[in-house]
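Student: I should like to take a close look at a single part of this predicted model. Please describe its setting in detail and then relate it to the rest of the chain.

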Amino acid sequence: MTAALLKTPLHALHIELGAKMVPFGGYDMPVQYPAGVMAEHKHTRAAAGLFDVSHMGQVLLKGAQAAAALETIVPVDVIDLGLFKQRYALFTNDAGGILDDLMIARRPDDLFVVVNAGCKVQDIAHLQAKIGDQCEVLPLPDQALLALQGPQAVVALSRLNPEVAKLTFMTGGFFNLDGIDTFLTRSGYTGEDGFEISVHGDHAVALARKLLAQPEVKPIGLGARDSLRLEAGLCLYGHDINTETTPVEASLTWAIQKVRRAGGARAGGYPGAAVIDAQLANGAARKRVGLVSSERMPVREGAKLVTADGTDIGVVTSGTLGPTVGKPVALAYVGREHAALGTEIFAIVRDKRTPMTVSSTPFTPNGYYRG
């Protein structure tokens, strides 16, 4: 007997809007609307798309020791995070592997944490087990989460409260949006400017309708969310990062601030620190890279990567035909001797070789608003 799928507060609205629903992270979620994935992807890059991401986990950490406590389980700088600033972080295990990636925002009275849907239960248990004696760990199951993404997101959202336009990338605040109280950050998972809006589930449909009433905004499903984040070179947990990959292998070393590295004022002290510090010093044997093909054949997750002489050198972890790029793009792990930009390798697709080139990410320029 499989467990019944959970529903977000916007479930009935998705059905009303004609969404095709699929199971994702234990929830019944919209994969696309009648316009289709390609149109939704292009609309988000050109205007503004509204995503239901209420399946993700929202948690508050409260107490004077919350930041110091959180630093004992993530390799990032939480203590120095400024008020209403947001930061990307990683839970690690004793081998340096990644348990999940998450977002942390500092608010006046707490840390606001967002974790992935598929890892939500384990992550909350992990927080409670590891730091529940040092701070309060308060899950927020009644909060919905909406993402408004795209170059016109700020135009649409500003009609509900013009003050949101003052935010810059990775900052946030409490905003009343046309009568609805929210906490929002200027961030997202598409490579575009945009906002992630935490709102009580009881008000989620009303807020979604206000946003969808703006001429720039259309509803966007998980299909386009995946192709947008892949073009932006962003990792999807369980695919591009997992317990078998370290932050160094995953090319996420930018997320580990100097203060937490060997020689820093608050170096180490988190699970797997010795492994990660050694890799930061010496490099890892394999590395996550971007790949672009000049041919039309999409290269999907699981495709083997080989050299010209047929030697196995890695595997694709995410791949699609990038609608904005107009070419197949992929994320993959390869041995570090094959990770240099411009390296020519081959993906095996239906027993045929597709030539690919190691490329920098994002595959399409990002549009974050930095002020």
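Tutor: In this predicted model, leucine 211 belongs to helix α6, which covers residues 201-212. Leucine 211 has a relative accessibility of 0%, and because buried means under 20%, leucine 211 counts as buried. Beyond the neighbours within four places in sequence, the contacts of leucine 211 are Leu50, Leu146, Leu148, Leu157, Leu160, Ile197 and Val217.

The annotated domains give a wider frame. The UniProt record, an unreviewed entry, places "domain: GCVT N-terminal" at residues 10-258. Over residues 10-258 the chain is 25% helix and 31% strand, with 41 Å between the end C-alpha atoms. The same kind of record, also unreviewed, assigns "domain: Aminomethyltransferase C-terminal" to residues 286-363. Residues 286-363 are 0% helix and 56% strand, and their end C-alpha atoms lie 21 Å apart. For a distance along the chain, leucine 211 may be paired with leucine 331: 120 residues separate them in sequence, and their C-alpha atoms are 33 Å apart in space.

A further feature is the second largest pocket, which holds about 240 Å³ of space. Strand β4 (57-62), helix α4 (120-131) and strand β9 (143-149) are the elements that each give two or more residues to its lining. Of the 16 lining residues, Tyr27, Lys120, Leu140, Pro141 and Gln143 lie nearest the centre of the second largest pocket. By character, the lining comprises eight nonpolar, five polar and three charged residues.

Conventions: Residues are numbered from 1 along each chain as its sequence is written. This is a predicted model: local features need pLDDT of at least 70, side-chain atom pairs count only at pLDDT 80 or more; totals for chains, interfaces and linings use all residues. Side-chain values use heavy atoms; hydrogens and water are left out. UniProt positions are given in the numbering used here, feature names are shortened, and annotations may be inferred rather than shown by experiment. Helices (H or I, at least four residues) and strands (E, at least two) are DSSP runs, numbered from the N terminus. Buried means under 20% relative accessible area, exposed over 50%, partly exposed in between (1.4 Å probe, protein chains only). Contact means heavy atoms within 4.5 Å. On a 1 Å grid over the protein atoms alone, a cavity is a set of points where a 1.4 Å probe fits but cannot get out, and a pocket is an open set with protein on both sides within 12 Å along at least five of seven lines; lining residues have an atom within 4 Å of a point. Grid points are joined across faces, edges and corners, and a volume is the space filled by probe spheres set on the points. Ala, Val, Leu, Ile, Met, Phe, Trp, Tyr, Cys and Pro count as nonpolar, Asp, Glu, Lys and Arg as charged, and the others, Gly among them, as polar.
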